[in-house]
Structure formats: structure tokens, C-alpha cells
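Below is a colleague's note on the fold, written to be read beside the coordinates. Please check each point against the model as you go.

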Amino acid sequence: MKWEDMEKFDSTDMKRHILEQGKALKLTAKRCWEGVDAAAKLISESERYFLIGAGDKYLIPLISQYIWKRYGEKPLEVYHSRTFADYPPNYLDGNSCCILLSQSGKTRDTLDAMKVCIERGATCVGITNLKEDLPNSIYELDRYGRGMILQTHTTIYPEKALPSTQTFHTTLFLLNLLLVKTLMCQGKELSHLLSYFDELVKEVDRLSKGLMDWSKDIALNLREFMGTSFYVLGDGPRYGIARKGALIMFMEGVKHDACALESEEFFHSLVETLEEENLTKKPLFLLMPPKGLPGYNLASKIREFWKKHAGENLYIEICPEVEWGDLTALDLLGAQLYAIPIEWISYHLALLRGVDPGACKIVKKVRG
């Protein structure tokens with residue numbers, strides 16, 4: 001069967017969602033700049049920060065937090081919305097800032113977390129793709145005296161809850177920009193980072209359109225290992241991408257078991273699966289950091305171990321070819337580029353299995 005014939009399984013048109021990710025990012029970048037400036041000023045005087053979301057909107061702060069860890073001087077924590085709603089920290093108060101992420105603007109867990117933030121008097125910013133001010137939505141923040149909304153923009157609206165969504169990229173872009181500008185309001189000189197946001201838009205567009213043939217070959221090579229769990233490793237800001245790849249792209253999109261692990265933990269656990277007692281070796285996706293970053297030497301050792309003990313056909317390296325003059329900018333802002341190769345691989349794997357890459361048969365997204 002030809003690829004064109006298999007694409008009939010794509011009833012949700014996920015291919016278009018991926019191809020137009022760069023366009024969505026351009027729309028968001030063009031329309032959000034003034035709103036981000038206002039939000040940064042609003043939250044810059046807060047004493048502590050909480051980044052809150054569910055699903056891939058929980059994974060996004062796991063990536064963005066490294067900007068703050070690198071340059072910020074005030075405490076910042078990342079919470080799953082459900083955990084935050086059920087176990088809010090005792091030190092959440094009027095001196096706190098809560099940034100809540102929700103694609104639909106009606107995610108139940110995130111709305112529950114939002115209510116706690118409002119009850120405690122925290123300053124709040126909501127990032128959403130929802131355009132309408134609906135009741136029982138994140139737009140309650142617009143009516144709350146210490147809150148505001150930032151909107152992402154997608155080429156398809158309303159955007160369906162798919163494994164690969166344009167709002168993953170637009171929300172990550174917007175949150176990164178908000179954190180950088182907030183730090184600048186606090187006196188940090190980060191113009192070198194700010195200058196790379198335009199480059200990021202271009203690279204997302206280039207990779208979203210340019211990896212189809214490459215990903216088809218990878219998917220074909222992996223077809224014989226269907227039914228065998230995949231491992232996906234990433235270090236630092238790339239770990240959030242590894243989790244998205246394993247838990248959302250492969251498990252939700254391909255209906256295939258996968259496990260994400262921090263590269264930093266490889267030699268404390270996963271390396272043991274290469275012992276002779278383990279008769280079944282698994283495919284490994286390694287998100288390789290650029291040479292010169294702290295995680296590069298560790299990733300190189302992992303690559304060497306896996307190829308030697310599992311075989312080269314069980315090793316898949318993800319490393320977008322991007323040339324930026326600033327390695328720190330590439331490390332902190334370029335992590336989302338690693339998501340695009342995995343999006344395309346999972347898309348073609350799903351087609352090979354006769355699975356709709358965007359359909360959820362059992363699990364439905366929970367809305368408010």
C-alpha cells in the first residue's frame with residue numbers, strides 16, 4: 001500500500017496540523033508581542049512563580065523552567081494542574097504568580113487549579129487557544145482583578161485534542177517569551193535570547209515541512225519492532241520533549257507502549273536492560289544535545305553503549321540540524337525543535353499500523 005493510500009486513516013488531518021506549525025507560530029509571534037509585554041510587567045514584582053498545566057501543557061513548563069533556572073533569582077515550581085488543585089503549597093499567596101496553560105481553556109484540572117489561585121489572591125496569567133470569553137473557562141481570569149489572558153493562534157480553530165497540536169509549539173513559544181521578558185523587567189540583560197525567537201519561528205517552519213521523507217524511512221525501519229516498547233531519552237530541557245514523544249506521540253498517537261527517561265538517569269537504571277539476562281532489546285530514541293552543551297558527553301556514551309549492546313538498528317538519534325551562534329539560546333529555546341522529528345515518525349508509524357494518528361478511542365479529554 002502506498003503512503004498516499006494509508007493517509008486515508010488520518011481522519012483528523014494531523015498531517016496538516018504538523019505542516020502548518022510554523023505558520024501558527026508566525027501568527028502567534030505577530031499578535032502576542034504587546035500582550036506579553038503587559039503580562040511581564042504585571043507579574044514581574046511577584047516573589048515566587050508557579051507554572052501549571054495538564055497533558056502536554058504540563059510538559060511545556062518542564063521545558064521552559066530551564067530559562068528561569070538559568071537566569072532567575074526568585075523561586076519557580078512546575079505543577080500538574082490536578083496536583084496543584086489537590087495539594088496547593090501553603091506558601092501560595094498574594095505575593096505569588098501563577099501561569100496556567102490550557103489549549104481549550106476548559107480543561108477541568110486546570111480550572112480547578114485556577115480557582116485555588118484566585119482564592120489565595122495570586123497574580124495569574126492564562127495562556128490559551130480559546131478565543132471566546134465563555135463561562136466556566138479560563139477567561140474567569142479576565143474578570144479577576146489580578147489576572148489576564150494571553151492567546152495563542154493556530155491555523156485550524158477550534159483545534160482538536162490531537163497528539164500533535166499546533167498549540168504545543170505556540171504555547172511553548174509564548175511561555176518562553178513571557179519568562180524572558182519577565183526576567184528583563186527584573187533587570188536581566190537577555191537581548192541575546194530575545195533575538196533568537198525569530199530564528200525559532202523559521203526553524204519550526206523548516207523542520208515541519210522538511211522531515212516527511214526522512215521520517216518515513218525511520219518508521220519503515222521500526223515496523224519490525226512494533227509490539228516492543230520504545231525508550232525515549234532526553235536531558236535537561238529536552239526531557240519534556242522525551243516525555244511528549246513517549247507518553248503522547250507514541251502511546252496516544254500510535255497506540256504503542258513507550259517509556260521516557262532522563263538521560264541523566266541512564267546509568268542508574270536503563271543501562272541494566274543491556275545485560276545478557278534481558279533477552280529483548282528495545283529501540284532507543286536519544287535526543288542528542290548539540291556538541292558543546294553539558295549533556296553531550298553523557299549522550300555520546302549512551303549512544304556508544306546502545307549501539308554496542310543492542311545494535312545500531314535499535315538506535316534512533318534525534319538531533320535537528322540547526323546552526324545558531326549561541327549554544328545557550330539553542331539549549332534553552334531550541335528544545336521544541338526536537339518534538340518535530342518525533343511527531344513525523346509517530347505519524348507514519350500510525351499509518352503503517354492502520355491507526356488514525358489523531359484518534360482517541362477510549363480516553364477523551366476532560367473539559368470543564
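The points below go from the overall dimensions to the two sheets and then to the helix packing.

1. Status and overall dimensions. The model is predicted. Its secondary structure amounts to 14 helices and 9 strands. The radius of gyration is 20 Å, close to the 21 Å that the globule rule gives for 368 residues, so the protein is as compact as a globular protein of that length. Along the principal axes, the C-alpha trace spans about 60 × 45 × 40 Å.

2. The five-stranded sheet. An open sheet is built from 5 strands in the order 2-1-3-4-5, and the pairing is parallel. Strand 2 (76–80) and strand 5 (147–151) are at the edges with a single partner strand each, so one side of each has no neighbour in the sheet. On average, and with direction ignored, neighbouring strands of this sheet are turned by 20° against each other.

3. Pairing inside that sheet. Strand 3 (residues 96–102) and strand 4 (residues 123–128) run parallel and are joined by 6 bridges. Within strand 4, Cys124 is the residue that stands opposite Cys98.

4. Helices on the five-stranded sheet. Helix 4 packs on the sheet and touches strand 1 (48–53), strand 2 and strand 3. The direction of helix 4 makes about 170° with that of strand 2. Helix 7 lies across strand 1, strand 2, strand 3, strand 4 and strand 5, and runs at about 165° to strand 3.

5. Helix 4 against helix 7. How far apart are the axes of helix 4 and helix 7, and at what angle do the two pack? The axes of helix 4 (residues 56–71) and helix 7 (residues 166–185) are 10 Å apart, and the packing angle is about 25°. The two helices are therefore roughly parallel to each other, given that angles under 35 degrees count as such. Their crossing is right-handed. On the helix 4 side the contact includes Ile60, Pro61, Ile63, Ile67 and Trp68, and on the helix 7 side it includes Phe168, Leu172, Leu175, Leu179 and Leu183. Polar and charged residues take part too, among them Ser64 and Asn176, with Asp56 and Lys57 also in the contact. By class, the residues of this contact divide into 12 nonpolar, 5 polar and 2 charged.

6. Helix 3 against helix 7. Helix 3 (residues 21–43) packs on helix 7 at an angle of about 30°, with the axes 8 Å apart. That angle makes helix 3 roughly parallel to helix 7. The crossing of helix 3 and helix 7 is right-handed. The contact between helix 3 and helix 7 has 14 nonpolar, 6 polar and 3 charged residues.

7. The four-stranded sheet. A sheet of 4 strands, also open, has the order 7-6-8-9 with parallel pairing. Strand 7 (258–262) and strand 9 (315–318) are its edge strands, each pairing on one side only. Neighbouring strands here are turned by 20° against each other on average, direction ignored.

8. Detail of the four-stranded sheet. Strand 8 (residues 284–287) pairs with strand 9 in the parallel sense over 4 bridges. Leu287 has Ile318, in strand 9, as its bridge partner. Helix 12 (residues 296–309) lies across strand 6 (230–234), strand 8 and strand 9, and runs at about 165° to strand 8.

Technical notes. Residues are numbered from 1 along each chain as its sequence is written. This is a predicted model: local features need pLDDT of at least 70, side-chain atom pairs count only at pLDDT 80 or more; totals for chains, interfaces and linings use all residues. Side-chain values use heavy atoms; hydrogens and water are left out. Axes are lines fitted to C-alpha atoms, for helices over the stretch in contact, and angles run from 0 to 180 degrees between N-to-C directions. Angles under 35 degrees count as roughly parallel, over 145 as roughly antiparallel, 65 to 115 as roughly perpendicular and the rest as oblique. A crossing is left-handed if the near helix is turned anticlockwise from the far one by less than a right angle, and right-handed if clockwise. Contact means heavy atoms within 4.5 Å. Two strands pair if DSSP finds at least two bridges between them. The radius of gyration is taken over C-alpha atoms; the globule rule is 2.2 Å times the number of residues to the power 0.38.
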